[in-house]
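Reader: I am new to this structure and would like a close look at a single part of it, with enough of the surroundings to place that part. Please take me through it slowly.

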Amino acid sequence: ANAIFSSLGTTIFETMSRLAQAHGAVNLGQGFPEGLEPADVVARAAEALVAGPNQYPSMMGTPDLRQAIARHERRFYGTELDPMAEVMVTSGATEALADCLFGLIEPGDEVVLIEPLYDSYLPIIRRAGGIPKLVRVEPPHWDLPRETLAAAFSPRTKLMILNTPMNPSGKVWSRDEMAFVAGLLERFDAYCVCDEVYEHLVYDGRRHLPLMTLPGMRERCLKIGSAGKIFSLTGWKVGWVVAAPDLLAPLAKVHQYLTFATPPNLQSAVAWGLDKEDSYYDGLAAMLAERRDRLAEGLRGVGFEVMAAGGSYFLTADFRPLGFAGDDDDFCRHITEKAGVAAIPISTFYQGGDVDHFARFCFAKTESAIDEAVMRLRRYF
Ligand code: PMP
Ligand code: GLN
């Protein structure tokens with residue numbers, strides 16, 4: 001018989017969440033929020049489930065959600081979109097990413113990526129026959145090595161993935177860095193998949209800047225969003241991608257065979273939620289910034305050296321001051337099993353190299369979960 005195997009590994013998020021569960025650990029590993037779900041958006045979905053319709057919605061997304069996404073892009077970034085030709089609803093940003101990569105990459109195309117990278121990018125690029133070209137940014141400052149990035153581009157470059165705010169680093173790309181990227185995209189006639197799922201989770205008075213809004217980038221960028229992140233409802237798996245019609249068309253071809261559609265009731269609740277007043281969006285960022293600071297202070301009290309994070313759900317912490325003998329994989333397993341706190345090893349976001357003494361902690365948790373985690377770590381170390 002033909003051998004059956006998979007070259008794909010198990011995602012670190014599943015592995016660590018299982019380990020956390022087995023040991024009753026406070027799970028600061030997998031990035032999902034706790035205690036932030038807006039009750040009114042959930043109530044809209046509940047009503048829509050009962051009222052229906054409950055059949056396949058339009059393949060590209062319900063018209064109300066596509067229109068709401070277009071309004072959202074205009075309101076926050078001034079981008080004008082044709083909701084019927086330039087917006088596609090997907091089952092989470094994860095599907096949007098797969099649609100972009102399967103839709104645009106031809107075997108042999110090169111794809112420029114910035115490490116540390118979100119875990120779904122590489123496996124899909126490889127399955128699509130793409131050739132990854134990796135460029136590293138590293139703690140503590142996550143600075144972009146511009147020469148190296150420029151050298152990663154070639155006439156074979158089809159696209160780049162840019163994730164800002166960035167998981168796991170919390171790096172918020174500067175306008176200057178993005179202008180540099182824009183220059184390379186033009187010079188090499190390449191496209192950019194912009195993973196902006198954390199667009200509203202930007203702190204310290206800064207504002208999210210989509211690459212798509214820079215001069216010349218409207219026709220080169222595919223911008224991905226996630227209701228999971230905007231409404232702290234990651235289990236809903238409602239995402240989207242917006243792009244010029246010619247760029248969106250090949251993605252729609254993939255989407256029709258991957259998922260075809262996304263639950264219509266969740267779509268209408270998200271459509272309603274996107275029109276929420278500014279105080280909702282500002283309040284979410286303010287609450288998360290507070291939790292970031294609470295966790296950072298707690299971890300520093302334990303002895304970690306904590307890196308600055310301008311956005312996202314995540315803090316990166318150097319555990320060398322604690323005197324632990326072992327790498328980040330060992331450390332994260334160890335604290336999950338022994339201290340009862342789960343975290344994610346940063347090295348899993350790199351292909352090799354020596355960034356092996358940092359752990360990623362998710363701060364999008366309740367204050368009591370954060371305090372409990374810090375107390376457990378303090379007691380242990
Ligand atoms: N991109 C990044 C950078 C993420 O961190 C995540 C998950 N949190 C996703 C994409 C996937 O988002 P979704 O849950 O909407 O599929
Ligand atoms: N994006 C989340 C994280 O980085 C997890 C998503 C998942 O579990 N697939 O932790």
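Author: Helices, here runs of H or I with at least four residues, and strands, runs of E with at least two, are taken from DSSP and numbered from the N terminus. The model is predicted, and the part I have chosen is the side of domain 1 that touches domain 2, with strand 10 as the place to linger.

To place that part, one can begin with the UniProt record, an unreviewed entry, which lists residues 26-377 as "domain: Aminotransferase class I/classII large". That span is 41% helix and 16% strand, and its end C-alpha atoms lie 11 Å apart. A separate division of the chain gives domain 1, made of 12-30 and 279-380, and domain 2, made of 53-276. The C-alpha centres of domain 1 and domain 2 are 26 Å apart, and where the two meet, 26 residues of domain 1 are in contact with 25 residues of domain 2.

On the domain 1 side of this meeting, the elements that give two or more residues are helix 11 (278-302), strand 10 (314-318) and strand 13 (358-362). Helix 11 gives the most, with seven residues. Sorted by class, this side of domain 1 has 18 nonpolar residues, six polar ones and two charged ones.

Strand 10 deserves the closer look, since two other strands can be followed from it. It is mostly covered, with four of its five residues buried. With strand 13, which also gives residues to the side touching domain 2, strand 10 pairs in the antiparallel sense over five bridges, and within this pairing Leu315 has Phe361 of strand 13 as its bridge partner. Strand 9 (residues 305-306) also pairs with strand 10 in the antiparallel sense, over two bridges, and there Glu305 stands opposite Asp318 of strand 10.

The ligands complete the surroundings. Around ligand 1 there are 14 residues, the closest being Gly92, Ala93, Thr94, Asn167 and Ser226. Helix 4 (residues 92-104) supplies the largest share of this shell, three residues, and by class the shell holds three nonpolar, nine polar and two charged residues. Around ligand 2 stand Thr11, Phe13, Gln30, Gly31 and Asn167, a shell that divides into one nonpolar and four polar residues with no charged one. Asn167 is thus listed both for ligand 1 and for ligand 2.

Key:
Residues numbered from 1 in each chain as written. Chains lettered and ligands numbered in written order. Predicted model: local features only at pLDDT ≥ 70, side-chain atom pairs only at ≥ 80, totals over all residues. UniProt positions renumbered as here; feature names shortened; annotations may be inferred. Near = placed C-beta within 6 Å. Nonpolar A, V, L, I, M, F, W, Y, C, P; charged D, E, K, R; others polar. Domains from an automatic or database assignment. Contact = placed C-beta atoms within 7 Å. Buried ≥ 20, exposed ≤ 12 C-beta atoms within 10 Å, placed from the backbone. Pairing = 2+ DSSP bridges.
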